[in-house]
Amino acid sequence: MSIFNPEHDIVLALDAGAGFTPPKAARRLRQDLSHLPSLWGASEEPSVWGWDAAVVAELLKRGVPRDRMPSDEQLREIRRLSNRSLAVEMLSRLRTLPGTIGTSAVCHTRDEVEQFAHEHGSTIIKAPWSSSGRGVKRFTVHSAQFIDSTIAKQGSIIAEAECQRVMDFALEYEATPEGRVEYRGLSLFTTVNGAYKGNLLLPEEEKLVILAEHVDIELLRQVSLLIKQFLAPRLKGIYSGPLGVDMMVCERSLLNPCIEINLRRTMGHVALALTAQGNRGTMSVLYNKERDKYELTVHS
């Protein structure tokens with residue numbers, strides 16, 4: 001049984017479980033794009049967009065045996081590892097590679113955020129858990145309420161030095177039950193105000209040609225190797241399934257190698273599945289006001 005549960009990140013942010021009711025927009029997105037799981041094929045094992053306590057409760061109601069899903073302890077660990085603090089830790093490890101850029105920190109007080117911004121200039125602040133495009137703001141003199149509220153609810157807040165963006169992309173992976181992290185493909189995507197807009201659907205070689213205009217591909221290979229080495233021991237015995245690491249090419253061809261770690265399936269994985277089916281061009285997910293629904297559209 002496969003389920004598209006785009007409310008997954010909201011569930012993690014609220015630490016919700018059985019009885020959780022997603023916001024209207026998330027319910028509509030789930031309904032309108034419920035066909036997405038068909039792209040990655042049938043499986044005897046239950047497959048979801050992201051594992052959390054709410055979707056486990058839903059699958060139990062549908063008759064899926066509990067032992068075919070992550071245990072309660074695994075769910076707690078999946079939520080812990082989905083905290084953006086893991087991306088802070090991994091970025092620090094990846095920054096040992098020449099040609100990389102990026103600084104981030106886990107802050108527990110407003111003073112720590114203000115000190116970070118004083119030291120690093122333009123700063124992005126992020127809730128440790130939040131859905132795509134939300135819970136992420138630029139630090140200003142008016143950020144006090146957001147900072148204090150986030151720390152009160154989630155225990156900390158992430159501060160990240162902003163760089164001059166050239167392009168967004170991601171590396172998509174699969175964590176295996178045996179404890180390996182295997183590379184699945186490159187995702188070249190666009191966002192609008194932090195929210196996902198669409199992906200390029202091209203063979204891997206062509207995407208690499210595009211990316212090579214902006215960043216050293218050998219550096220990217222080194223980054224990918226370190227990502228697999230970093231994540232494999234942390235995920236073993238806890239999480240198996242798709243995941244993605246969002247990155248950014250910044251000015252002077254410098255690479256920020258870890259903007260986000262998405263411990264779930266991503267639209268990049270959807271794009272890879274569509275490409276494997278022979279699609280070429282662009283993929284977008286937009287709300288159609290006239291039809292009052294979200295639509296995934298492929299443009300050749």
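Met267, Gly268, His269, Val270, Ala271, Leu272, Ala273, Leu274 and Thr275 are buried in helix α10. That makes nine of the ten residues of α10 (residues 267–276), so the helix is largely enclosed by the rest of the structure. The model is predicted. The chain around this helix has ten helices and 13 strands. With a radius of gyration of 19 Å, close to the 19 Å that the globule rule gives for 300 residues, the chain is as compact as a globular protein of that length.

**Helix α10: its ends**

- At the start of α10, a side-chain oxygen of Thr266 comes to within 3.2 Å of the backbone nitrogen of Gly268.
- After α10 comes Gly278. The phi of Gly278 is positive, near 100°.

**Helix α10: Gly268**

- Gly268 belongs to helix α10. With a relative accessible area of 5%, Gly268 is buried, because the cut-off for buried is under 20%.
- Beyond its neighbours within four places in sequence, Gly268 is in contact with Glu172, Ser187 and Asn199.
- Gly268 and Met283 are 15 residues apart in sequence, and their C-alpha atoms are 10.0 Å apart in space.
- Gly268 and Val245 are 23 residues apart in sequence, with a C-alpha to C-alpha distance of 10.0 Å.

**Helix α10: His269**

- His269 also has its place in helix α10. His269 has 7% relative accessibility and counts as buried.
- The His269 side chain reaches the backbone oxygen of Leu243 at 2.9 Å.
- Leaving out residues up to four places away in sequence, His269 touches Glu172, Tyr173, Pro242 and Leu243.
- Glu172 appears in the contacts of Gly268 and in those of His269.

**Strand β10: Val245**

- Val245 sits in strand β10, which covers residues 241–250.
- The relative accessible area of Val245 is 0%, so Val245 is buried.
- Residues up to four places away in sequence aside, Val245 touches Met90, Phe169, Ala170, Leu171, Tyr173, Ile227, Pro257, Cys258 and Glu260.
- Tyr173 is one of the residues touched by Val245, and His269 touches Tyr173 too.
- Pro257, Cys258 and Glu260 are among the contacts of Val245, and their numbers fall within strand β11 (254–262).

**Helix α7: Thr150**

- Thr150 is part of helix α7 (residues 144–154). At 7% relative accessibility, Thr150 counts as buried.
- Thr150 touches Ala127, Pro128, Gly155, Ser156 and Ile157, not counting residues up to four places away in sequence.
- Ala127, one of the contacts of Thr150, is 32 Å from Ser38, C-alpha to C-alpha. Ser38 and Ala127 are 89 residues apart in sequence.

**Loops: Ser38, Asp15 and Ser253**

- Ser38 is in the loop between α2 (24–32) and β2 (47–48). Ser38 counts as exposed, at 56% relative accessibility.
- Asp15 is in the loop between α1 (8–14) and α2. Asp15 counts as exposed, at 54% relative accessibility.
- Ser253 is in the loop between β10 (241–250) and β11 (254–262). Ser253 has 43% relative accessibility and counts as partly exposed, because partly exposed lies between the 20% and 50% cut-offs.

**Backbone: positive phi**

- Most residues other than glycine have a negative phi.
- Asp15 has a positive phi near 50°, and Asp15 is not a glycine.
- Ser253 is not a glycine either, yet its phi is positive at about 60°.

**Whole chain: extent and burial**

- Along the principal axes, the C-alpha atoms of the chain fill a box of roughly 55 × 45 × 45 Å.
- Of the 300 residues in the chain, 51% are buried.
- Among contacts with a separation of 6 or more, 64% come from residues 24 or more positions apart.

**Whole chain: surface and charge**

- The accessible surface of the chain is about 14,600 Å². Carbon and sulfur atoms account for 50% of that surface.
- The chain has 36 positive and 37 negative charges. The mean positions of these two sets are 4 Å apart.

How values were computed
Residues are numbered from 1 along each chain as its sequence is written. This is a predicted model: local features need pLDDT of at least 70, side-chain atom pairs count only at pLDDT 80 or more; totals for chains, interfaces and linings use all residues. Side-chain values use heavy atoms; hydrogens and water are left out. Buried means under 20% relative accessible area, exposed over 50%, partly exposed in between (1.4 Å probe, protein chains only). Helices (H or I, at least four residues) and strands (E, at least two) are DSSP runs, numbered from the N terminus. A polar contact is a pair of N or O atoms within 3.5 Å; within protein, one must be able to donate a hydrogen and the other to accept it, and residues adjacent in sequence count only if both atoms are side-chain atoms. The radius of gyration is taken over C-alpha atoms; the globule rule is 2.2 Å times the number of residues to the power 0.38. Contact means heavy atoms within 4.5 Å. Accessible areas come from the Shrake-Rupley method with a 1.4 Å probe; for residues, only the protein chains shown count as cover. Lys and Arg count as positive and Asp and Glu as negative; His and the chain ends are not counted. The place of a charge is taken as NZ of Lys, CZ of Arg, CG of Asp or CD of Glu.
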